[in-house]
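Hi,

Here is the structure I promised to pass along. Have a look at it first, and then read on for my notes.

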Amino acid sequence: MAGSMSMSMLHLCFFILLGILTRTSDAVHDKCAACKAVAEELEIGLSSERPRNHLDMRYRLDSKGQREGKLIDYTVSELRVVELLDGLCEKMEDYTLKKGTSTNEWIKVNSWDNLTNKQEARAYSKDISSYCGRLLEDTEDELAELIKKGSVKVGGVSKVLCQDLSKHCSPTSVSHAAEVDDDENEEL
């Protein structure tokens, strides 16, 4: 009896683990959509930046009493990069996967109470947060340099991060084509 019960528990654990692994791989199966969600959150950070003064690194006085050191433009500073990227993946925990009939989309959740399956939604939010960590780990150095150069601007983060750096989206992808169509319609 004890042997068959432990075997049943083993089977149960196996199927639970199999279900978790299947769900996790499905959650970030569309890396392009997940990357675009991360890019969207980074764009929110860029658009909410307030103008900042230069960073004054002139702390020493020379023999004549003049301050020595550098005056660094905030827009090209490492501090700006750190402020934009620090906490980005934690903010991704506010996102979950919305499953559609033909496509899945990552959406920002305003109220977790309104969701029907909170446990699954929270699991997806952890998945995209982990994906964000891996994405930044792979692209952080290049992304930081592009931010400092001014190449990453509101409206262009998705292209830079998802096409140019990570290559998770192709310029000919269906979702990119829809964005181009939307942009053309906005100009009309």
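The mean pLDDT of this predicted chain is 77, and 73% of its residues reach 70 or more. In case the score is new to you, pLDDT is the predictor's confidence in each residue, from 0 to 100. Confidence is highest in helix H4 (residues 88-91), at a mean of 94, and lowest in helix H7 (residues 174-187), at 43. Two stretches stay under 50. One covers residues 20-27, for which the model has 10 contacts beyond four places in sequence; the other covers residues 174-188, with 8 such contacts. A contact here means heavy atoms within 4.5 Å. Where pLDDT is low, the predicted coordinates should not be read in detail.

A few ground rules before the findings. Residues are numbered from 1 along each chain as its sequence is written, and side-chain values use heavy atoms, with hydrogens and water left out. Because this is a predicted model, local features need pLDDT of at least 70 and side-chain atom pairs count only at pLDDT 80 or more, while totals for chains, interfaces and linings use all residues.

**Overall layout**

The protein chain has 7 helices and 4 strands, and along the sequence they follow the pattern α-α-β-β-α-α-β-β-α-α-α. Helices (H or I, at least four residues) and strands (E, at least two) are DSSP runs, numbered from the N terminus. Of the 188 residues, 30% are buried. For accessibility, buried means under 20% relative accessible area, exposed means over 50%, and partly exposed is in between (1.4 Å probe, protein chains only). The chain exposes about 12700 Å², and carbon and sulfur atoms supply 54% of that; these areas come from the Shrake-Rupley method with a 1.4 Å probe, and for residues only the protein chains shown count as cover. Among contacts between residues at least 6 apart in sequence, 61% join residues at least 24 apart.

**A strand pair**

Strand S3 (residues 95-99) and strand S4 (residues 104-108) run antiparallel and are joined by 5 bridges. Two strands pair if DSSP finds at least two bridges between them. The link from S3 to S4 is a hairpin of 4 residues. To find your way around this pair, start at Thr-96, whose bridge partner in S4 is Ile-107.

**Salt bridges**

How many salt bridges does the structure hold? There are 5, where a salt bridge is a side-chain nitrogen of Lys or Arg within 4 Å of a carboxyl oxygen of Asp or Glu. As general background, side chains of opposite charge can pair when their charged atoms come close.

One of them joins Arg-80 and Glu-49, at 2.8 Å from N to O. This pair links distant parts of the chain, 31 residues apart: Arg-80 is in helix H3 (residues 78-85), and Glu-49 is in the loop between helix H2 (31-47) and strand S1 (55-61). Arg-80 counts as buried at 10% relative accessibility, whereas Glu-49 is partly exposed at 27%.

Another brings Lys-148 and Glu-145 together at 3.4 Å, N to O. Both residues lie in helix H5 (residues 118-149), 3 residues apart, which is about one turn of the helix. Glu-145 is partly exposed, with a relative accessible area of 40%. These two residues also belong to a salt-bridge network with Glu-78.

Asp-164 and Lys-159 form a salt bridge too, at 3.2 Å from N to O. Asp-164 is partly exposed at 35% relative accessibility, as is Lys-159 at 44%.

**Thr-139 and the H6 region**

Thr-139 sits in helix H5 and is buried, at 3% relative accessibility. A polar atom of its side chain lies 2.8 Å from the backbone oxygen of Leu-135. Leaving aside residues up to four places away in sequence, Thr-139 touches Leu-161, Leu-165 and Ser-166. Leu-161 also appears among the buried residues of H6, together with Val-157, Ser-158, Val-160, Cys-162 and Gln-163.

After H6 comes Lys-167, with a positive phi near 60°. Most residues other than glycine have a negative phi, and most peptide bonds are trans. Lys-167 is in the loop between helix H6 (157-165) and H7, and Lys-167 counts as exposed at 61% relative accessibility.

Happy to go through any of this with you.

Best wishes

Methods: A polar contact is a pair of N or O atoms within 3.5 Å; within protein, one must be able to donate a hydrogen and the other to accept it, and residues adjacent in sequence count only if both atoms are side-chain atoms.
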